[in-house]
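Let's walk through this structure together, one sheet at a time, and then turn to the pockets. Keep the viewer open so that you can follow along.

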Amino acid sequence: MFFCYNTRMVLYHASNCEVKMPMLVASNRLLDFGPGFYTTTNREQAVRFAKGVVSKRGGDPFLNVYEFDAEAAYAGLLTLRFDAPTEQWLDFVVANRSGTYVGERYDLVSGPVANDNVYTTIGLYMKGFMSREATIRELRVHKLYDQVVFCRPDAFRYLKYVKTEGLK
């Protein structure tokens, strides 16, 4: 399991600016869990991503820190959770990354990140070079980080801004 769902936890959002009031912003990028406000429990991952954001968009790297009431959110929202890279997770990520997802729209989605290391494997699967079973086996040997994605504005009520850290 990636993290405990019955507690308060710290989440990080990487950016090139301070984000005290998270909001949903239209994006032209196709992401793992669809449109949303992406966070992680892994500080190291967030720091790397913040530096990547700056290299693409300019500015300075920032790490926005939040407290998340996971217990209340998972009790009060329509959520989808993936504890590991499963076939359901793979189907969901591929559908979102390819822009073909037409299923349920959730308030909050959490699970493994298809980051650059993992996305090569998923790309091979999407092009038909790997079977679902081989893809899942391959993904399970990678060190996977997590993501918690706020997909609807109502989900933000469970997120409390703590601080923003400038990174260098």
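In this predicted model, four strands make up an open sheet with the order S2-S6-S5-S4 and mixed pairing. At its edges stand S2 and strand S4 (79–81), each of which pairs on one side only. From one strand to the next, the twist averages 15 degrees.

As background, strands of a sheet pair through backbone hydrogen bonds, either parallel or antiparallel. Let's go through the pairings of this sheet from the S2 edge. S2 runs antiparallel to S6, and three bridges join them. To find this pairing in the viewer, look for threonine 39, whose bridge partner in S6 is valine 148. Next come S5 and S6, which also run antiparallel and are joined by five bridges. Here you can pick out glycine 111, with glutamine 147 of S6 as its bridge partner. At the other edge, S4 and strand S5 (residues 108–112) run parallel, joined by three bridges. In that pairing, threonine 79 stands opposite leucine 108 of S5.

Strand S6 (residues 146–150) deserves a closer look. How much of this strand is covered? S6 is mostly covered, with five of its five residues buried. In a regular strand, side chains alternate between the two faces of the sheet. In S6, Asp146, Val148 and Phe150 point one way, while Gln147 and Val149 point the other way, and all of them are buried.

Now return to glycine 111, which is found in strand S5. Why does glycine 111 count as buried? Its relative accessibility is 0%, and buried means under 20%. Apart from neighbours within four places in sequence, glycine 111 is in contact with Phe33, Phe82, Tyr145, Asp146 and Gln147. Among these contacts you will recognise Gln147, the bridge partner of glycine 111 in S6. Another residue to locate is proline 85: its C-alpha is 8.0 Å in space from that of glycine 111, with the two residues 26 apart in sequence.

Let's move on to the other sheet. Three strands form an open sheet in the order S1-S3-S7, and its pairing is antiparallel. The edge strands here are strand S1 (8–15) and strand S7 (159–166), each pairing on one side only. Neighbouring strands of this sheet are turned against each other by 25 degrees on average, direction ignored.

S1 and S3 pair over eight bridges in the antiparallel sense. A useful landmark is methionine 9, which stands opposite phenylalanine 68 in S3. On the other side, strand S3 (residues 62–69) is joined to S7 by seven bridges, and these two strands run antiparallel as well. There, glutamate 67 has lysine 160 of S7 as its bridge partner. As for edge strand S1, six of its eight residues are buried, and the strand is mostly covered. What lies across this sheet? Helix H1 (residues 43–57) lies across S1, S3 and S7, and it runs at about 20 degrees to S1.

H1 also leads us to the pockets. The largest pocket holds about 1,300 Å³ of space. It is lined by 41 residues, of which Arg29, Leu31, Tyr38, Phe49 and Val53 are the closest to its centre. Four elements give two or more residues to this lining: S1, strand S2 (37–39), H1 and helix H4 (116–126). Which of them gives the largest share? H1 does, with eight residues. By class, the lining of the largest pocket divides into 22 nonpolar, twelve polar and seven charged residues.

The second largest pocket holds about 170 Å³ of space. Its lining consists of Ser27, Arg29, Leu30, Leu31, Gly34, Pro35, Ala95, Asn96, Gly99, Thr100, Tyr101 and Arg105. These divide into five nonpolar, five polar and two charged residues. Two names may look familiar: Arg29 and Leu31 belong to this lining, and they are also among the residues closest to the centre of the largest pocket.

Technical notes
Residues numbered from 1 in each chain as written. Predicted model: local features only at pLDDT ≥ 70, side-chain atom pairs only at ≥ 80, totals over all residues. Heavy atoms only, no water. Pairing = 2+ DSSP bridges. Axes fitted to C-alpha atoms, helices over the stretch in contact; angles between N-to-C directions. Contact = heavy atoms within 4.5 Å. 1 Å grid on protein atoms, 1.4 Å probe; cavity = no way out; pocket = protein on both sides within 12 Å on 5 of 7 lines; lining within 4 Å. Points joined across faces, edges and corners; volume = space filled by probe spheres on them. Nonpolar A, V, L, I, M, F, W, Y, C, P; charged D, E, K, R; others polar. Buried < 20%, exposed > 50% of the residue type's maximum accessible area, 1.4 Å probe, protein only.
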